[in-house]
Amino acid sequence: MREEISNKNLPIGFFDSGVGGLSVFARFRELLSNENTIYYGDLKNLPYGNKSQEELIGFAKNILDFFKSKNVKAVVIACNTSSALAYNAIKSDYDFQIYPIIQSCAKVISELNYTRIGVFATQGTVKSGAYGNELRKYNSDVKVCEIACPNWVSIVEGLDCVSKDDDVKQHVDEMLNFNPEKIILGCTHYPYLLKTIEKYAPKNLFIDPASIFAEFIKKDLKQQNLINDCGLKGFEEFYVSANPKEFVKNAQLFYEIKKEPIIA
């Protein structure tokens, strides 16, 4: 990590397997609209949840190398699966700040003092046990139930024609048997399904880490004196590894992309 960055105008990179990370990106833009930002959606390799750790590390390295070529001051891993399975392997390979969503949010969520927390996440994230492991670092007594929802990313990205309501209800019913105080939506795609999820459980039961994460990044950038204080609205650039038109279409639920992304 750099000790000092003289040019606060350098952009911040965000990446995810698809449009899910825009839930974080949108919250960040609301908080720090003057920051220059670059978003990368890896649609070529979507979904990440069923990929091996080796594959995920390779994807992350390729994307971070891309951001390095863009001379960023920080990168936001707006993907829970990458945070769970790739972050520790690549975190020391770059000289810019890297923010992983799980590790960043777990400390904040643990301070809310809940004793029973559910997590909906991808197969890869659940298999890693990342949320439970991170939450127990701060509260060894917390009980965590992590349930994989393998179809949800594909439903959001328009790749899966399974019955959305039936699939969501099945997982919500299973989670409610655990009697959680809160349920973390442990994949940045999942908030896109909230209107369906709310049919089967109260909205206030769920935690969307996007807002927590955006606040965490803002606080850390301020502490490191990396806030862009130019007073102007920062630029936005969007890149994808494939299917730019699909990206724009699916992004509309959370963020308006005014210009078709560039394939990189």
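**Close-up views of a predicted model**

**View 1. A four-stranded open sheet.** In this predicted model, four strands line up as β6-β5-β7-β8 in an open sheet, and their pairing is parallel. At the edges sit β6 (143-148) and β8 (206-207), each of which pairs on one side only. Look at the β8 edge: β7 (residues 182-185) pairs with β8 in the parallel sense over two bridges. Here Ile-184 has Ile-207 of β8 standing opposite. As a reminder, strands of a sheet pair through backbone hydrogen bonds, in either a parallel or an antiparallel way.

**View 2. Helix α9 and its two sides.** Helix α9 takes in residues 164-176, 13 residues in total. From first C-alpha to last, α9 reaches 18 Å, close to the 18 Å expected at 1.5 Å a residue. Which residues of α9 are buried? They are Asp-167, Val-168, His-171, Val-172 and Met-175. These five cover an arc of only 125° around the axis, so they lie on the same side of α9. That fits the usual helix arithmetic: with 3.6 residues a turn, residues three or four places apart point the same way. Flip to the other side of α9 and you find Asp-166 and Gln-170, both exposed. And what covers the buried residues of α9? The cover includes three strands of the View 1 sheet, β5 (116-121), β6 and β7, along with helices α8 (152-156) and α10 (194-197).

**View 3. A six-stranded open sheet with a helix across it.** Six strands make up another open sheet, in the order β4-β3-β1-β2-β9-β10, again with parallel pairing. The edge strands are β4 (97-100) and β10 (262-263), each pairing on one side only. At the β10 edge, two bridges connect β10 to β9 (residues 236-240), and the two strands run parallel. One residue pair to pick out is Val-240 and its bridge partner in β10, Ile-263. Lying across β1 (12-16), β2 (37-41), β3 (74-77) and β9 is helix α1 (residues 22-31), which runs at about 170° to β2.

**View 4. Cysteines without disulfides.** How many disulfides does the model have? The count is zero, with a disulfide taken as a pair of cysteine sulfur atoms within 2.5 Å. For Cys-149, the nearest cysteine sulfur belongs to Cys-187 and is 9.0 Å away, so Cys-149 is in no disulfide. Cys-187 is in no disulfide either: its nearest cysteine sulfur, that of Cys-79, is 6.7 Å away. Are Cys-149 and Cys-187 buried or exposed? Cys-149 is buried, with a relative accessible area of 1%, and Cys-187 also counts as buried, at 7% relative accessibility.

Technical notes. Residues are numbered from 1 along each chain as its sequence is written. This is a predicted model: local features need pLDDT of at least 70, side-chain atom pairs count only at pLDDT 80 or more; totals for chains, interfaces and linings use all residues. Side-chain values use heavy atoms; hydrogens and water are left out. Buried means under 20% relative accessible area, exposed over 50%, partly exposed in between (1.4 Å probe, protein chains only). Two strands pair if DSSP finds at least two bridges between them. Contact means heavy atoms within 4.5 Å. Axes are lines fitted to C-alpha atoms, for helices over the stretch in contact, and angles run from 0 to 180 degrees between N-to-C directions. The expected span of a helix is 1.5 Å times one less than its number of residues. The arc is that of the directions from the helix axis to the C-beta atoms.
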